[in-house]
Amino acid sequence: VNVVPQSENRALEIVVDSDDFYRLSRVELDGGRAPLVNTLTIGSVPAGDYEVTATLIGFDGKRGPKARAHAEVMGPFAR
């Protein structure tokens, strides 16, 4: 997730959601010194269609801008 570093930014909340799987992760941000690109790796995700949401959390705890994406996780390939 790309987040422009700003002093108000304190956290990035990332939700990965499907019918059979849900994971919420929170990445702490260091305001204006936070990296522009924030990467989160989630292992052992079952195959399926996912809604991925990233929400910026401000210094006062208020939720800010939200980004959404669709992801499809493929199962292992047979050989």
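Asp-49 is partly exposed, with a relative accessible area of 47%, where partly exposed covers the range between buried (under 20% relative accessible area) and exposed (over 50%), taken with a 1.4 Å probe and protein chains only. The residue is placed in strand 3, strands being DSSP runs of E of at least two residues, just as helices are runs of H or I of at least four, each numbered from the N terminus. The model is predicted, so local features need pLDDT of at least 70 and side-chain atom pairs count only at pLDDT 80 or more, while totals for chains, interfaces and linings use all residues. Residues are numbered from 1 along each chain as its sequence is written, and side-chain values use heavy atoms, with hydrogens and water left out.

Asp-49 belongs to a surface patch of negative charge, together with Asp-17, Asp-19, Asp-20, Glu-51 and Glu-72. Patches take in residues with over 30% relative accessible area and no salt bridge, joining like charges within 9 Å and nonpolar side chains (Val, Leu, Ile, Met, Phe, Trp, Tyr) within 5 Å. For this purpose Asp and Glu count as negative and Lys and Arg as positive, with His and the chain ends not counted. Each charge is placed at CG of Asp, CD of Glu, NZ of Lys or CZ of Arg.

A nonpolar patch is also found on the surface, where Val-4, Leu-36 and Val-37 make up about 280 Å². Accessible areas come from the Shrake-Rupley method with a 1.4 Å probe, and for residues only the protein chains shown count as cover. Val-4 comes from the segment before strand 1 (9-17) and counts as exposed at 54% relative accessibility.

Turning to the charged pairs, side chains of opposite charge can pair when their charged atoms come close. Three salt bridges are counted, each requiring a side-chain nitrogen of Lys or Arg within 4 Å of a carboxyl oxygen of Asp or Glu. In one of them, Asp-30 meets Arg-33 at 3.1 Å, N to O. Asp-30 is partly exposed at 43% relative accessible area, and Arg-33 is exposed at 69%. Shared partners join Glu-13, Arg-26 and Arg-63 into one network of salt bridges.

Within that network, the closest N and O atoms of Glu-13 and Arg-26 are 4.0 Å apart. Glu-13 lies in strand 1 and Arg-26 in strand 2, so this pair ties together parts that are 13 residues apart in sequence. Glu-13 counts as buried at 9% relative accessibility, whereas Arg-26 is partly exposed at 46%. Glu-13 also meets the side chain of Arg-63, at 2.8 Å from N to O. Arg-63 lies in strand 4 (residues 63-73) and Glu-13 in strand 1, so here the parts tied together are 50 residues apart in sequence. Arg-63 itself counts as exposed, at 53% relative accessibility. The C-alpha atoms of Arg-63 and Leu-29 are separated by 14 Å, with their positions 34 residues apart along the chain.

Aromatic contacts were examined as well. One aromatic pair is counted, the rule being that rings of Phe, Tyr and Trp (its six-membered ring) pair if their centres lie within 6.5 Å, with planes under 30 degrees apart counting as stacked, over 60 as edge-to-face and the rest as tilted. The ring centres of Phe-21 and Tyr-50 are 5.9 Å apart and the planes stand at 80°, so the pair is edge-to-face. Phe-21 sits in the loop between strand 1 and strand 2 and Tyr-50 in strand 3, 29 residues apart, and the pair thus links distant parts of the chain. Both Phe-21 and Tyr-50 are buried.

The loop between strand 2 (22-28) and strand 3 (48-58) holds Ser-44. Most residues other than glycine have a negative phi. Ser-44, although not a glycine, has a positive phi of about 55°. Ser-44 is also exposed, with a relative accessible area of 73%. Val-45 has its place in the loop between strand 2 and strand 3 too, and counts as partly exposed at 23% relative accessibility. From Val-45 to Glu-8 the distance is 32 Å, C-alpha to C-alpha, and the two are 37 residues apart in sequence.
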